[in-house]
Amino acid sequence: MSKETFSEAVAFFIDVVSRIPADAWTNEALGVWKVRDLVGHTSRAILLVEEYAKGGTTRSGFGTADEIAERGRQAGLALGDDPVRALRTLGDRVLALVAHLPDDHPMHTPGGVRPLSRYLTTRVAELTIHTIDLARALGIEAEPPRECIRATLYALADYAVRQGTGTEVAFALTGRAPLSQGFSVVP
């Protein structure tokens, strides 16, 4: 997965956020999140690249659903009065950092150490899926870049294989069998 694809995912996200109507930031978006909360959560897909590249995290795991939801809310609040400007600043800073890191730079994540090139695939998936979530919640037309979708599908297929559901997903994608109600490869 290329750094360019990560850059495209960041740009896709910021473009959709820049089209949020001023009166829509408190609208329902996804699950327990309002629009601002979902934007905050999604922004962490950018912010964590910086954090994990610079030495990592002290957290030993990803957290409960409630903890993840709260981190999203807090990240949304941290974007301040001009979330688009804050996201552009964040995006520029993190993209500049990534551009100067080698593909094998160690990323210290709660799930262990992995090379930058592999970790960026997960960030592209997070950015792409949640940007689509955001656009749908707002009724905004937004088509993700092809390479972002490709990287997202790769990441989701990898999750499925690691969880032992790869065959099930392959059969669903080829029309051989439907997935069960509520099926998800995302833990």
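**Helix packing and pockets around α6**

Helix α1 (residues 3-18) packs with α6 at an angle of about 105°, and the two axes lie 9 Å apart. With angles of 65 to 115 degrees counted as roughly perpendicular, α1 is therefore roughly perpendicular to α6. From α1, the contact is made by Thr 5, Glu 8 and Ala 9, which meet Glu 147, Cys 148 and Ala 151 of α6. Sorted by character, the residues of this contact comprise 3 nonpolar, 1 polar and 2 charged. This arrangement, like everything described here, comes from a predicted model.

Two further residues help to fill in the picture of α6. Leu 153 has its place in this helix, and because its relative accessibility is 52%, Leu 153 counts as exposed, the cut-off for that class being over 50%. Along the chain, Leu 153 is 120 residues from Trp 33, and the C-alpha atoms of the pair are separated by 24 Å. Asp 158 also lies in helix α6. Its relative accessibility is 26%, so Asp 158 counts as partly exposed. Asp 158 and Val 185 are 27 residues apart in sequence, with a C-alpha to C-alpha distance of 9.1 Å.

Helix α6 returns in the description of the largest pocket, which has a volume of about 1400 Å³. A total of 44 residues line this pocket, and those that lie nearest its centre are Arg 123, Glu 126, Tyr 159, Val 186 and Pro 187. Two or more lining residues are given by each of α2 (35-53), α3 (65-78), α5 (116-138), α6 (146-163) and α7 (166-173). In character, the lining of the largest pocket divides into 28 nonpolar, 7 polar and 9 charged residues.

The second largest pocket has a volume of about 150 Å³. Its lining is short enough to be listed here: Ile 132, Ala 135, Arg 136, Gly 139, Ile 140, Glu 141, Ala 142, Glu 143, Pro 144 and Ile 149. Helix α5 provides the largest share of this lining, with 3 residues. By character, the lining of the second largest pocket contains 6 nonpolar residues, 1 polar residue and 3 charged residues.

Technical notes:
Residues are numbered from 1 along each chain as its sequence is written. This is a predicted model: local features need pLDDT of at least 70, side-chain atom pairs count only at pLDDT 80 or more; totals for chains, interfaces and linings use all residues. Side-chain values use heavy atoms; hydrogens and water are left out. On a 1 Å grid over the protein atoms alone, a cavity is a set of points where a 1.4 Å probe fits but cannot get out, and a pocket is an open set with protein on both sides within 12 Å along at least five of seven lines; lining residues have an atom within 4 Å of a point. Grid points are joined across faces, edges and corners, and a volume is the space filled by probe spheres set on the points. Helices (H or I, at least four residues) and strands (E, at least two) are DSSP runs, numbered from the N terminus. Ala, Val, Leu, Ile, Met, Phe, Trp, Tyr, Cys and Pro count as nonpolar, Asp, Glu, Lys and Arg as charged, and the others, Gly among them, as polar. Axes are lines fitted to C-alpha atoms, for helices over the stretch in contact, and angles run from 0 to 180 degrees between N-to-C directions. Angles under 35 degrees count as roughly parallel, over 145 as roughly antiparallel, 65 to 115 as roughly perpendicular and the rest as oblique. Contact means heavy atoms within 4.5 Å. Buried means under 20% relative accessible area, exposed over 50%, partly exposed in between (1.4 Å probe, protein chains only).
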